[in-house]
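Here is a colleague's note for someone opening this entry for the first time. Please keep the view at hand while reading.

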Amino acid sequence: MENSFTAVYEKIDDWYIGYVQELPGANVQERTLEEARESLREAIELILISSRELAEHQLSCF
């Protein structure tokens, strides 16, 4: 299963800010656009893994 998200990148002074509109909490700040892209990919992955584990834990409590 493949997910699709909208990544938004903005350059503010010397920093690139990246975030995902559909995924609250997925935001990064890096010096280069490439670093911001990679960090955002990692943030998305970690948020999805964490959310899945939390959901599985909650379901096992029933």
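The points below go from the whole chain to single residues.

1. Status of the model. This is a predicted model. Please read each value below as computed from that prediction.

2. Fold. The protein has one helix and three strands. Along the sequence they come in the order β-β-β-α. Strand β1 covers 7–12 and β2 covers 15–20. Strand β3 spans residues 27–30. Helix α1 takes in residues 33–60.

3. Overall shape. The radius of gyration is 14 Å. A compact globule of 62 residues would be near 11 Å. The C-alpha atoms fill a box of roughly 50 × 20 × 15 Å along the principal axes.

4. Burial and surface. How much of the protein is buried? Buried residues account for 18% of the 62 residues. The exposed area is about 4900 Å². Carbon and sulfur atoms supply 51% of that area.

5. Contacts along the chain. Take the contacts between residues at least 6 apart in sequence. Of these, 16% join residues at least 24 apart.

6. Charges. The protein carries 5 positive and 13 negative charges. The mean positions of the two sets are 5 Å apart.

7. The salt bridge. The structure holds one salt bridge. Which residues form it? Arg-41 pairs with Glu-38, and their closest N and O atoms are 2.9 Å apart. Both residues belong to helix α1, and because they are three residues apart there, about one helical turn separates them. Arg-41 is partly exposed, at 46% relative accessibility. Glu-38 is partly exposed as well, with a relative accessible area of 35%.

8. Arg-37. This residue is also placed in helix α1. Is Arg-37 buried or partly exposed? Its relative accessibility is 34%, so it counts as partly exposed. Arg-37 and Gln-21 are 16 residues apart in sequence. Their C-alpha atoms are 14 Å apart in space.

9. Ser-39. Helix α1 holds Ser-39 too. Ser-39 counts as buried because its relative accessibility is 17%, and buried means under 20%. Which residues does Ser-39 touch, leaving aside neighbours within four places in sequence? The contacts are Val-28 and Glu-30. Strand β3 runs over residues 27–30, so a reader can look for these two partners there.

10. Asn-27. Asn-27 is found in strand β3. Leaving aside neighbours within four places in sequence, Asn-27 is in contact with Gly-18, Tyr-19 and Leu-40. What separates Asn-27 from Ala-55? The two are 28 residues apart along the chain, and their C-alpha atoms are separated by 22 Å.

11. Asp-13. Please check the backbone here. Asp-13 lies in the loop between β1 and β2. Its phi is positive, at about 55°, although Asp-13 is not a glycine. Most residues other than glycine have a negative phi. Is the side of the loop at Asp-13 buried or exposed? Asp-13 counts as exposed, with 66% relative accessibility.

12. Where to look. Begin with the pair Arg-41 and Glu-38 in helix α1. Then turn to Ser-39 and its contacts Val-28 and Glu-30. End at Asp-13, in the loop between β1 and β2.

Notes: Residues are numbered from 1 along each chain as its sequence is written. This is a predicted model: local features need pLDDT of at least 70, side-chain atom pairs count only at pLDDT 80 or more; totals for chains, interfaces and linings use all residues. Side-chain values use heavy atoms; hydrogens and water are left out. A salt bridge is a side-chain nitrogen of Lys or Arg within 4 Å of a carboxyl oxygen of Asp or Glu. Helices (H or I, at least four residues) and strands (E, at least two) are DSSP runs, numbered from the N terminus. Buried means under 20% relative accessible area, exposed over 50%, partly exposed in between (1.4 Å probe, protein chains only). The radius of gyration is taken over C-alpha atoms; the globule rule is 2.2 Å times the number of residues to the power 0.38. Contact means heavy atoms within 4.5 Å. Accessible areas come from the Shrake-Rupley method with a 1.4 Å probe; for residues, only the protein chains shown count as cover. Lys and Arg count as positive and Asp and Glu as negative; His and the chain ends are not counted. The place of a charge is taken as NZ of Lys, CZ of Arg, CG of Asp or CD of Glu.
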